[in-house]
Amino acid sequence: MLISEYIDHNIPLLKSSDSVATALNYMEELKLEQLALVDGTHIVLFNEQHLLEYDEDLLLDKIPAKHVDLYIEDSAHPLAAAALMTQYDLEILPVVDADNQFLGIVPGHTLFRKLIGVQLEGHGSILRMQIKYNDFSLSEISRIVESEGFRIEGLFVEDLNEHEYVFILKLNKAEASMAISSLKRFGYKVEQITGLDSDHNLDKDRFGMLMKYLEI
C-alpha cells in the first residue's frame with residue numbers, strides 16, 4: 001500500500017499569476033481550506049485563513065506562504081502521510097516522485113477515511129499510546145511491533161497536551177499482549193482499548209472516539 005494510490009487528480013493547482021480572489025473561489029467551490037501552487041519542483045501550500053489577510057487583487061507570487069516544499073514521496077506508506085498531515089495540520093498533501101517531480105495531491109479526508117475503514121475491517125486490536133513530542137518515531141514503533149509478529153494496519157494521531165501525542169494503532173491480531181509488553185519495554189505508555197470481533201463490530205463509544213480523528 002503506497003500513498004500514490006490515494007492521489008486525487010481532480011484537485012486543481014494554483015498558478016503564481018492567480019489572485020487571492022481566484023484562490024479563495026477555488027477553495028470555496030472545492031470545500032477545501034488549502035490548495036497547492038506548483039512551479040517545477042517548487043511546491044507552495046496556501047491556506048484560506050492566511051489569504052484572507054491580503055487584498056483580493058494581490059497575486060499569489062507576492063504572498064509569503066506558510067508551507068513551502070512540504071510533500072511526501074510516492075513510495076511512502078499512507079501511515080507516514082497521515083502522521084505528516086497531522087504534524088503540520090494539513091488538509092492536502094502533495095506527492096512527488098524520487099526526482100521531486102510533482103505527481104498529484106492527496107486530500108486528507110480521503111486518506112483518513114480509507115485508513116479508518118481499515119480500522120474496522122477484520123480481526124484485530126486497537127491500542128492507545130501516549131508519546132512525548134521528542135520521542136516520536138513511527139519507524140521505531142513499527143519495528144517494535146513487527147518484531148513481535150504484528151502489523152500496523154491503521155494509525156491516528158492527536159495532540160494530547162503541549163508535551164505529548166496520543167496515538168491510536170490498529171494491529172492485525174486481536175491478542176496484542178506481546179506487542180504491548182514489547183512497546184512498554186521501550187518506555188512507551190500503551191494500553192489495549194478493545195479487540196475487533198468476527199462480526200467486525202466495534203462498540204459505539206470507541207467508534208466515536210476513532211471518528212474524531214477525521215476532524216483535521
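Trainee: Which residue follows H6, and what is the sign of its phi?

Mentor: Gly-187 follows H6, with a positive phi near 90°. Helices (H or I, at least four residues) and strands (E, at least two) are DSSP runs, numbered from the N terminus. This is a predicted model: local features need pLDDT of at least 70, side-chain atom pairs count only at pLDDT 80 or more, and totals for chains, interfaces and linings use all residues. Residues are numbered from 1 along each chain as its sequence is written, and side-chain values use heavy atoms, without hydrogens and water.

Trainee: Which residues of helix H6 are buried?

Mentor: Buried means under 20% relative accessible area, exposed over 50%, partly exposed in between (1.4 Å probe, protein chains only). In H6 (residues 177-185), the buried ones are Ala-179, Ile-180, Ser-182 and Leu-183. Seen down the axis of H6, they fall within an arc of 165°, so they line one face of the helix. The arc is taken from the directions from helix axis to C-beta atoms.

Trainee: What is the strand order in the open sheet?

Mentor: Strands of a sheet pair through backbone hydrogen bonds, either parallel or antiparallel. Pairing requires at least two DSSP bridges between two strands. Here three strands run in the order E1-E2-E3, with antiparallel pairing. E1 (34-39) and E3 (67-68) are the edge strands, each pairing on one side only. E2 (residues 42-47) and E3 share two bridges. Val-68 in E3 is the bridge partner of Val-44.

Trainee: Where does Lys-173 lie relative to Phe-150?

Mentor: A charge sits over a ring if NZ of Lys or CZ of Arg is within 6 Å of the ring centre and within 35 degrees of the ring normal. Lys-173 lies over the face of Phe-150, 5.1 Å from the ring centre.
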